[in-house]
Number of protein chains: 2
Amino acid sequence: MFSYPLPMQRVIDALKRLPGIGPKSAERLTFALLRMEPAEIEQLADALVHLQRDLVTCSICHAWSQSDPCAICTDPRRDPHTLLVVEEMRDLLALERTGAYHGKYHVLGGVLSPLDGVGPEQLEVESLLHRVQQEQTQEVILATNPTVEGDATAVYLRDRLLPLGVTVSRLARGLPIGGDLEYADEVTLTRALEGRGAL
Amino acid sequence: MFSYPLPMQRVIDALKRLPGIGPKSAERLTFALLRMEPAEIEQLADALVHLQRDLVTCSICHAWSQSDPCAICTDPRRDPHTLLVVEEMRDLLALERTGAYHGKYHVLGGVLSPLDGVGPEQLEVESLLHRVQQEQTQEVILATNPTVEGDATAVYLRDRLLPLGVTVSRLARGLPIGGDLEYADEVTLTRALEGRGAL
């Protein structure tokens with residue numbers, strides 16, 4: 001039986017490994033790539049090669065960055081006494097797009113999920129507690145997603161943070177429950193930030 | 001305002017150029033790529049670089065191939081007197097997967113679409129007529145998609161082919177109308193091939 005020429009099959013196989021891309025999508029994308037300008041494909045390939053090579057995780061907030069510490073952690077204009085905790089860097093960028101937050105961030109790297117084997121040790125929890133003590137943080141805003149795991153993680157963090165003498169708040173429940181933080185629109189996110197309440 | 005580090009933004013921008021990948025999908029894919037093994041990303045980048053470089057279009061049937069002529073055009077076991085005409089190489093592979101066709105192929109490169117500026121000159125029509133005369137073809141099976149454009153293209157080709165003294169047939173109308181040939185299952189495609197009728 002005739003099948004795809006090897007150069008096509010290799011691209012299809014590599015694309016299929018990406019989340020949300022099935023065999024049919026991989027085939028369609030490969031045909032689209034065949035029709036693109038060679039320069040555009042080279043750009044994509046070059047960007048892929050440099051993606052991990054040129055990025056580090058900031059040793060302070062654990063966001064992806066070109067420098068360590070990152071641009072936010074080293075920005076003197078940002079309030080050093082407020083820390084906003086997000087699950088992933090995507091959420092950090094969603095909040096930055098509102099322009100409504102001027103403190104610092106901490107990227108957890110996920111949520112507590114015992115069934116998936118994710119406990120506090122798999123997340124940046126100890127480094128968060130360490131930062132709060134080192135940086136004399138006054139308020140920690142917990143901005144985990146409004147999901148079961150996100151709420152459980154927020155409650156766990158609150159119980160660990162309150163003994164350190166900081167104010168702990170979370171984003172207002174203006175967020176649609178069960179949704180994903182990164183898909184909220186800027187206005188909703190701004191309201192949620194302004195209306196944050198004690199946890 | 002803080003935005004993505006440049007190495008991430010470059011990947012996002014490159015992925016957004018692909019059909020069906022919007023800004024949010026591009027962001028999600030980029031984060032997924034950041035978590036992949038470096039070797040897997042290198043594989044994808046390498047496959048992309050070699051995709052166009054290692055492929056040619058077969059000068060006989062116009063399918064993508066590593067050699068010119070392609071493996072099907074040079075295969076002595078395939079019936080040289082039957083030509084099956086498809087819009088795109090995807091369709092050729094869908095038919096090959098049925099195992100029910102043993103002749104040769106001709107890839108048109110699209111369908112007639114006057115509104116999009118696609119006339120017979122933009123498709124491999126002249127080369128098809130030339131092949132039919134050169135290769136002493138006895139039957140041409142028109143396997144354009146069962147859409148308005150596909151049917152119009154089939155009728156146009158029939159009118160050009162019949163004066164050459166060949167039998168012209170099309171796939172049986174067992175195909176779901178308005179659908180896409182490449183998404184049909186193997187059984188439906190096999191039936192359509194067996195039940196082909198005069199055009």
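This passage walks through the predicted model of chains A and B, from domains and symmetry to the interface, the cores and the salt bridges.

A few ground rules come before the results. The model is predicted, with local features needing pLDDT of at least 70 and side-chain atom pairs counting only at pLDDT 80 or more, while totals for chains, interfaces and linings use all residues. Residues are numbered from 1 along each chain as its sequence is written, chains are lettered from A and ligands numbered from 1 in the order in which they are written, and side-chain values use heavy atoms, leaving out hydrogens and water.

Chain A splits into domain 1 (6-53) and domain 2 (64-198), with bounds taken from an automatic or database domain assignment. The centres of these two domains of chain A, taken over C-alpha atoms, sit 34 Å apart.

As for symmetry, a turn of 180° with a shift of 0.0 Å along the axis lays chain B on chain A with an RMSD of 0.0 Å. The two copies are thus related as by a two-fold rotation axis; the superposition is by least squares on the C-alpha atoms of residues with pLDDT of at least 70 in both copies. Ala45(B) is the residue of chain B that comes closest to the rotation axis, its C-alpha lying at 2.2 Å. Both copies use the same surface, since 100% of the contact residues of chain B recur in chain A.

At the interface, 60 residues of chain B are in contact with 60 residues of chain A, contact meaning heavy atoms within 4.5 Å. About 6,000 Å² is buried between chain B and chain A, and carbon and sulfur atoms give 67% of that area. Buried area here is the accessible area (1.4 Å probe) that two parts lose on being put together, summed over both.

Turning to the nonpolar cores, the largest has 92 residues, and Leu33(A) and Leu33(B) have the most contacts inside it. Such a core is a set of buried Ala, Val, Leu, Ile, Met, Phe, Trp, Tyr and Cys residues joined through side-chain atoms within 4.5 Å, where buried means under 20% relative accessible area, exposed over 50% and partly exposed in between (1.4 Å probe, protein chains only). Neighbours within four places in sequence aside, Leu33(B) touches residues of both chains, including Leu18(A), Leu48(A), Leu51(A), Val11(B), Leu15(B) and Ile41(B). A second, separate core has 17 residues, among them Leu128(A), Leu129(A), Val132(A) and Val140(A).

Salt bridges (a side-chain nitrogen of Lys or Arg within 4 Å of a carboxyl oxygen of Asp or Glu) come to 20 over all chains, and 8 are found across the interface of chain B and chain A. Arg10(B) and Asp46(A) form a salt bridge at 2.7 Å, N to O. Arg10(B) lies in helix H1 (residues 6-16) of chain B and Asp46(A) in helix H3 (residues 38-53) of chain A, so the pair joins two chains; helices (H or I, at least four residues) and strands (E, at least two) are DSSP runs, numbered from the N terminus. Arg10(B) is partly exposed at 29% relative accessibility, and Asp46(A) is partly exposed at 32%. Arg53(A) and Glu42(B) also meet in a salt bridge, at 3.4 Å.

Within chain A, Glu96(A) pairs with Arg78(A), their closest N and O atoms being 2.8 Å apart. This salt bridge links distant parts of the chain, from helix H4 (residues 89-98) to the loop between strand S2 (64-65) and strand S3 (79-86), 18 residues apart. Glu96(A) and Arg78(A) are both buried.
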